[in-house]
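Trainee: I'm new to this one and would like a close look at a single part of it. Could you pick the part that carries the fold and walk me through what sits along it?

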Amino acid sequence: MSAEKPEQDDIPLADDDDTVTIISGGKTPRAAQPLPKEEPPEDPEEKARLITQVLELQNTLDDLSSRVESVKEESLKLRAENQVLGQYIQNLMSSSSVFQSSQPSRPKQ
């Protein structure tokens, strides 16, 4: 038999003691939690009402999500159009003498 201890013996068990030992991976063992108590049976009408409300809220969320996506697309489209129009206006202004920089000419002496 080998003189080395198997790695299994180094792992603390929940029953061993209350101290926390860090094992490989940086995770700490937790004490076992009791199972949740069973809830009393709910009113079938209340359950049906809640299910209906959840379904309505899911539909509303779906509608809002699709609306947000369409607004995003429209916004991107309008930004692109604004850039094109801005460039067009700049080109018009640079080609027109009316919009050229007006530097006062110095009177000749």
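Mentor: The protein chain has 1 helix and 0 strands. Keep in mind that this is a predicted model. The helix is α1, and it covers residues 44-95, so that's the part we'll follow, going by its numbering.

Let's start with the stretch that has an annotation. UniProt, in an unreviewed entry, places a "coiled-coil region" at residues 47-81. That label comes from the record, and such annotations may be inferred rather than shown by experiment. What does the model itself have there? Over residues 47-81 the chain is 100% helix and 0% strand, and the C-alpha atoms at the two ends of that stretch are 51 Å apart.

Now for the charged side chains. The structure holds 2 salt bridges. One of them pairs Arg 49 with Glu 46, and their closest N and O atoms are 2.8 Å apart. Why do these two fit together along the helix? They're 3 residues apart in helix α1, which means about one helical turn separates Arg 49 from Glu 46. Neither partner is tucked away: Arg 49 counts as partly exposed because its relative accessibility is 45%, and Glu 46 is partly exposed too, with a relative accessible area of 33%.

The other pairing is Lys 72 with Glu 69, where the closest N and O atoms are 3.9 Å apart. That still makes the cut, because a salt bridge asks for a nitrogen within 4 Å of a carboxyl oxygen. Again the partners are 3 residues apart in helix α1, so about one helical turn lies between Lys 72 and Glu 69. Lys 72 has a relative accessible area of 48% and is partly exposed, while Glu 69 counts as partly exposed at 42%.

Further along, there's a patch of another kind. Tyr 88, Ile 89, Leu 92 and Met 93 form a nonpolar patch on the surface, and together they have about 390 Å² of accessible area. Take Met 93, which lies in helix α1. Met 93 counts as partly exposed because its relative accessibility is 38%.

How does that fit with the chain as a whole? Buried residues make up 0% of the 109 residues. The accessible surface of the protein chain comes to about 11500 Å², and carbon and sulfur atoms account for 55% of that surface.

Terms used. Residues are numbered from 1 along each chain as its sequence is written. This is a predicted model: local features need pLDDT of at least 70, side-chain atom pairs count only at pLDDT 80 or more; totals for chains, interfaces and linings use all residues. Side-chain values use heavy atoms; hydrogens and water are left out. Patches are made of residues with over 30% relative accessible area and no salt bridge: like charges are joined within 9 Å, nonpolar side chains (Val, Leu, Ile, Met, Phe, Trp, Tyr) within 5 Å. Accessible areas come from the Shrake-Rupley method with a 1.4 Å probe; for residues, only the protein chains shown count as cover. Helices (H or I, at least four residues) and strands (E, at least two) are DSSP runs, numbered from the N terminus. Buried means under 20% relative accessible area, exposed over 50%, partly exposed in between (1.4 Å probe, protein chains only).
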